[in-house]
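Visitor: I have a structure in front of me and want to learn how to read it. Where do we begin?

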Amino acid sequence: MNGKFISIEGIEGAGKSTQISFIHDFLESHGKRVVVSREPGGTELGEQIRELLLAPREAGMSEDAELLLMFAARAEHIHQVIKPALQRGDWVLCDRFADATFAYQGGGRGIDRDRIQAISDWTLKGIQTDLTLLFDLPVALGQSRVIKRQQQKDRFEQEKADFFEKIRDCYLQRAEAEPQRIKRIDASRDIAAIQTQLADILTELLAA
Ligand code: TMP
């Protein structure tokens, strides 16, 4: 694999979208070809699975179905998009990847970590992010940003604060356990401060 793989994580309202454009432009200005994608999604099949996963009408979906659909979408994404891009030498910038499953389905829903790890090992086949940027902020602040968007809340956004507290804790534990790969960004700061930190982290990765 010649390219590098970056994922963006965080609870709802962490401001991922704004920062993804910044990271994309930063890497391109340093001569990298960048493929921007997202999970669940990123392929035709994956986007259809995303629609099922996010639809409020699926409120009764079982935790196991949710977990397996996340990995079904991911398997297709790795096969069609991520692996070919990295093999071409492109950089992949993905809005969420496997850490989201540990945080949401593990931390949030309470599915056993070892079970997720087993499916993850099987699906990822050694693919892992070179860098994961965790946009971290208090749950209440994230939720107030989501409310301002004024669009219908998806199935995850409709969950209560307690669900997102567990997800946030899980993300933070993962960042602590893997400080080289997962970098915590304090997303409660203003955009300029966040982008200064991002530029430092990306400069380091470009030099690696
Ligand atoms: P997004 O709206 O940030 O793109 O993400 C879609 C939702 O899917 C978000 O609420 C997080 C959730 N999700 C999981 O629960 N598990 C996963 O593995 C992924 C990738 C996303």
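Guide: With one definition. A residue counts as buried when its relative accessible area is under 20%, and as exposed when that area is over 50%. Keep in mind that this is a predicted model.

Visitor: Let me try it on Q195. Is Q195 buried or exposed?

Guide: Take the value and hold it against the cut-off. Q195 has 19% relative accessibility, so Q195 counts as buried. Q195 sits in helix α8, residues 191-207.

Visitor: Which residues is Q195 in contact with, leaving aside its neighbours within four places in sequence?

Guide: Q19 and F22. Now look at A199, which lies in helix α8 too. A199 has 17% relative accessibility, so A199 counts as buried. With neighbours within four places left aside, A199 is in contact with F22 and F26. F22 thus appears in the contacts of Q195 and in those of A199.

Visitor: Now the sheet. What holds strands together in a sheet?

Guide: Strands pair through backbone hydrogen bonds, either parallel or antiparallel. Here five strands form an open sheet, and the pairing is parallel.

Visitor: In what order do the strands of the sheet stand?

Guide: The order is β2-β3-β1-β4-β5. Read the ends of that list next. β2 (34-38) and β5 (182-186) are at the edges, each with a single partner strand, so one side of each has no neighbour in the sheet. On average, neighbouring strands are turned by 20° against each other, direction ignored.

Visitor: How many bridges join β1 to its partners β3 and β4?

Guide: Four bridges join β1 to β3, residues 91-95. Five bridges join β1 to β4, residues 131-136. Each bridge pairs particular residues. F5 has V92 as its bridge partner in β3, and E9 stands opposite L134 in β4.

Visitor: And how is β4 linked to β5?

Guide: Five bridges join β4 and β5, and the two run parallel. One pair to find is T132, whose bridge partner in β5 is I182.

Visitor: Why can we say that β1 is largely enclosed by the rest of the structure?

Guide: Count its buried residues. Six of the six residues of β1 (residues 5-10) are buried, so the strand is largely enclosed by the rest of the structure. Then check both faces. F5, S7 and E9 point one way, while I6, I8 and G10 point the other way, and all are buried.

Visitor: Which helices touch β1, β4 and β5?

Guide: Look at α4 and α7. Helix α4 (residues 98-108) lies across β1, β4 and β5, and runs at about 25° to β1. Helix α7 (residues 161-177) packs on the sheet and touches β1, β4 and β5. The direction of α7 makes about 140° with that of β4.

Visitor: How do I read two helices packed on each other?

Guide: Start with the angle and the distance between the axes. Helix α2 (residues 44-54) and helix α3 (residues 63-88) pack at an angle of about 160°, and their axes are 8 Å apart. That angle makes α2 roughly antiparallel to α3, because angles over 145 degrees count as roughly antiparallel. The crossing of α2 past α3 is left-handed.

Visitor: Which residues make the contact between α2 and α3?

Guide: From α2 come L45, G46, I49 and L53. From α3 come E66, L69, M70, A72, A73 and E76. Sort them by type: seven are nonpolar, one is polar and two are charged.

Visitor: Now the backbone. Which peptide bond is cis, with omega near -10°?

Guide: The bond from E39 to P40. P40 is in the loop between β2 and α2. For a sense of distance, take P40 and A199: 159 residues apart in sequence, and 27 Å apart in space from C-alpha to C-alpha.

Visitor: What is unusual to look for in phi?

Guide: Check for a positive value in a residue other than glycine. R96 is one case, with phi near 80°. R96 is in the loop between β3 and α4. K125 also has a positive phi, about 45°, although it is not a glycine. K125 is in the loop between α5 (113-124) and β4.

Visitor: Are R96 and K125 buried or exposed?

Guide: Use the cut-offs again. R96 is buried, with a relative accessible area of 12%. K125 counts as exposed, at 66% relative accessibility.

Methods
Residues numbered from 1 in each chain as written. Predicted model: local features only at pLDDT ≥ 70, side-chain atom pairs only at ≥ 80, totals over all residues. Heavy atoms only, no water. Buried < 20%, exposed > 50% of the residue type's maximum accessible area, 1.4 Å probe, protein only. Pairing = 2+ DSSP bridges. Axes fitted to C-alpha atoms, helices over the stretch in contact; angles between N-to-C directions. Parallel < 35°, antiparallel > 145°, perpendicular 65-115°, else oblique. Left-handed = near helix turned anticlockwise from the far one by under 90°. Contact = heavy atoms within 4.5 Å. Nonpolar A, V, L, I, M, F, W, Y, C, P; charged D, E, K, R; others polar.
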